[in-house]
Amino acid sequence: MARETGSEALAQLAGERVDHRFKGLPPDAAGLTVGQLAAERRNLFTGGFATPVLALSAERLEHNLALMEAYAARHGLAFAPHGKTSMAPRLFARQIEHGAWGITVAAPHQVWVAREFDVQRIFLANELVDAAALGRIAAELAADPDFRLVTYVDSVRGVELMDAALTGTARPVDVVVELAAGEGARTGARTEAECAAVAAAVAATDTLRLVGVAGYEGEVPKADAERVAAYLRRLTALAAALDAEGRFGKADEIIVSAGGSAWFDTVAEVFAEVPELSRPMLKLLRSGAYVSHDDGHYRRITPFNRVPEEGALEPAFRLWAQVVSRPEPGQAFVNAGKRDAAYDLDRPEAQVIRRDGVERPATGVEVTALSDQHMWLATTPEVDVMVGDWIGFGLSHPCTTFDKWQLIPVAEADGTVVEYIRTFF
């Protein structure tokens with residue numbers, strides 16, 4: 001049977017039935033397909049949605065996609081946003097429609113999800129030494145001449161394991177040497193000499209093709225603009241040194257890749273300094289949290305705080321929960337907790353109270369703790385909060401927000417739900 005195209009696979013998502021798997025959706029929608037529910041254009045507040053329910057802002061989502069597309073183009077960067085943030089094929093497709101070169105992932109399962117929806121360029125930001133996963137990737141490359149996968153290598157041992165698993169494959173797997181961000185950082189070869197040894201090991205195989213270098217500046221110890229820039233200059237110098245040694249002889253272009261969501265302005269600045277190499281260079285940015293942004297960690301660290309003239313990302317998530325207990329004048333509880341809201345970086349932020357169709361600021365309401373299914377709220381004496389009120393919360397850390405919800409409504413400013421985002425974690 002022929003493999004489905006990405007558009008066909010996305011269309012099939014609309015055929016999924018609304019059932020017990022998907023929390024927050026209207027109980028009376030059970031049995032409808034996701035497409036049928038979307039076509040009803042129900043209102044998030046009056047259409048029967050059950051709290052807690054997480055929603056994405058349609059307008060803010062589109063704003064963020066367009067902003068990063070323009071930013072990458074303005075700075076001469078290719079863009080492979082990190083798919084682990086959302087694991088949402090509909091968002092992958094929209095990111096690619098907005099100019100993305102491809103999608104970054106971190107694990108084999110994420111590769112399979114992206115391939116199921118026909119993503120043709122995948123950057124695997126990890127060294128992959130699992131023989132079974134490598135075998136499947138080799139089969140994907142053999143079956144589809146248009147598919148390209150690039151993955152990390154950071155050790156001679158890793159190269160040996162990859163070579164053994166890939167022996168006899170039809171196409172070599174493209175690899176980039178990962179340079180660590182410093183002693184005690186996460187993965188990556190710690191020194192340029194180690195990187196050179198890894199590159200030499202790759203050259204000795206027929207199964208791998210060295211196409212560039214990569215790293216993650218977010219792991220720079222005691223990171224500031226100066227330290228991050230120094231690390232990125234080490235990375236670009238490594239690319240130049242390996243090029244001078246002829247290590248990219250089989251490559252059509254040289255990839256230099258970095259870029260989380262905290263320092264992409266410094267990435268753009270340093271990558272602009274790189275002199276010409278022996279072949280075209282692909283300056284590949286991998287930031288992922290931008291797609292939804294947030295109301296906490298990324299709001300504080302976004303590079304757009306340093307370069308406001310470049311624009312501003314907008315937080316697109318809001319979690320709606322309902323007050324289910326008001327046992328004391330200074331305390332209230334809502335029916336959302338750790339199972340529904342990210343809490344690994346910051347607690348949720350109470351933003352608005354909604355009663356009888358009217359919204360007002362949640363001034364004087366603070367989240368003090370989370371249980372599995374409750375948020376603990378402290379309220380000042382003057383706050384008018386009643387059992388039954390809906391409270392809208394801003395969330396911190398997109399990665400651990402998306403992974404708590406399998407089907408997320410996308411709502412316009414007036415509450416009209418126009419589509420649903422399916423995630424695969």
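**A walk through a predicted model**

Visitor: Where is Arg41 found?
Guide: We're looking at a predicted model, so take each value as computed. Two elements flank the stretch that holds Arg41, and its place is the loop between helix 2 and strand 1.

Visitor: Is Arg41 buried, partly exposed or exposed?
Guide: Its relative accessibility is 45%. Buried needs under 20% and exposed needs over 50%. The value for Arg41 falls in between, so this residue counts as partly exposed.

Visitor: What is phi of Arg41?
Guide: Most residues other than glycine have a negative phi. Arg41 isn't a glycine, yet its phi is positive, near 50°.

Visitor: Which two residues are joined by a cis peptide bond?
Guide: Most peptide bonds are trans. Look in the loop between helix 2 (34-40) and strand 1, where Pro52 sits. The cis bond there has an omega of about 0° and joins Thr51 and Pro52.

Visitor: Which residue with a positive phi follows helix 4?
Guide: Helix 4 covers residues 89-97, and its buried residues are Pro89, Leu91, Phe92, Arg94 and Gln95. Their cover includes helix 1 (6-13), helix 3, strand 3, helix 5 (108-116), helix 12 (399-402) and strand 18 (417-422). After the helix, phi turns up positive, near 95°, in Gly99.

Visitor: In what order do the strands of the open sheet run?
Guide: There are 8 strands here, with parallel pairing. Strand 2 (78-79) and strand 3 (103-105) have a single partner strand each, so they stand at the edges with one side lacking a neighbour in the sheet. Reading across gives the order 2-9-8-7-6-5-4-3.

Visitor: What is the bridge partner of Val176 in strand 7?
Guide: Strand 6 (residues 173-178) pairs with strand 7 (residues 208-214) in the parallel sense, over 6 bridges. For Val176, the partner in strand 7 is Gly212.

Visitor: Which helix gives the most to the largest nonpolar core?
Guide: This core has 119 residues, and those with the most contacts inside it are Met68, Phe123, Leu319, Met375, Leu377 and Phe393. With 8 residues, the helix that gives the most is helix 9 (residues 225-244).

Visitor: How many residues are in the other core, the one with Phe22?
Guide: That one lies apart from the largest core. Phe49, Val352 and Ala411 are among its members as well as Phe22, and its count is 19 residues.

Visitor: Is Val202 buried or exposed?
Guide: You'll find Val202 in helix 8 (residues 192-203). Beyond its neighbours up to four places away in sequence, Val202 touches Val153, Val159, Val175, Leu208, Arg209 and Leu210. Its relative accessibility is 1%. The cut-off for that class is under 20%, so Val202 counts as buried.

Visitor: What distance separates the C-alpha atoms of Val202 and Arg247?
Guide: Along the chain, Val202 and Arg247 are 45 residues apart. In space, their C-alpha atoms are separated by 9.0 Å.

Visitor: What is the volume of the largest cavity?
Guide: Rolling a probe the size of a water molecule over the atoms shows where empty space is left. The count comes to 1 cavity of 30 Å³ or more. Its lining has 5 nonpolar, 3 polar and no charged residues. The volume is about 40 Å³.

Visitor: Which residue lining the largest cavity has a phi near 55°?
Guide: The lining is made of Ser261, Phe264, Ala289, Tyr290, His293, Tyr298, Thr302 and Leu313. One of them is in the loop between strand 9 (281-285) and helix 11. With a positive phi near 55° in a residue other than glycine, that's His293.

Visitor: Which element gives the most to the lining of the largest pocket?
Guide: About 700 Å³ of space lies in this pocket. Its lining has 35 residues, with His82, Lys84, Arg186, Tyr216 and Gly260 nearest the centre. Two elements, strand 4 (121-127) and helix 11 (297-301), give two or more residues. Giving the most, with 3 residues, is helix 11.

Visitor: How many charged residues are in the lining of the second largest pocket?
Guide: This pocket holds about 360 Å³ of space. Of its 20 lining residues, Ser57, Ala316, Arg318, Trp320 and Ala413 are the closest to its centre. The lining divides into 10 nonpolar and 3 polar residues, and the charged ones come to 7.

How values were computed: Residues numbered from 1 in each chain as written. Predicted model: local features only at pLDDT ≥ 70, side-chain atom pairs only at ≥ 80, totals over all residues. Heavy atoms only, no water. Core = buried A, V, L, I, M, F, W, Y, C linked by side-chain atoms within 4.5 Å. Buried < 20%, exposed > 50% of the residue type's maximum accessible area, 1.4 Å probe, protein only. Helix = DSSP H or I, 4+ residues; strand = E, 2+ residues; numbered from the N terminus. 1 Å grid on protein atoms, 1.4 Å probe; cavity = no way out; pocket = protein on both sides within 12 Å on 5 of 7 lines; lining within 4 Å. Points joined across faces, edges and corners; volume = space filled by probe spheres on them. Nonpolar A, V, L, I, M, F, W, Y, C, P; charged D, E, K, R; others polar. Pairing = 2+ DSSP bridges. Contact = heavy atoms within 4.5 Å.
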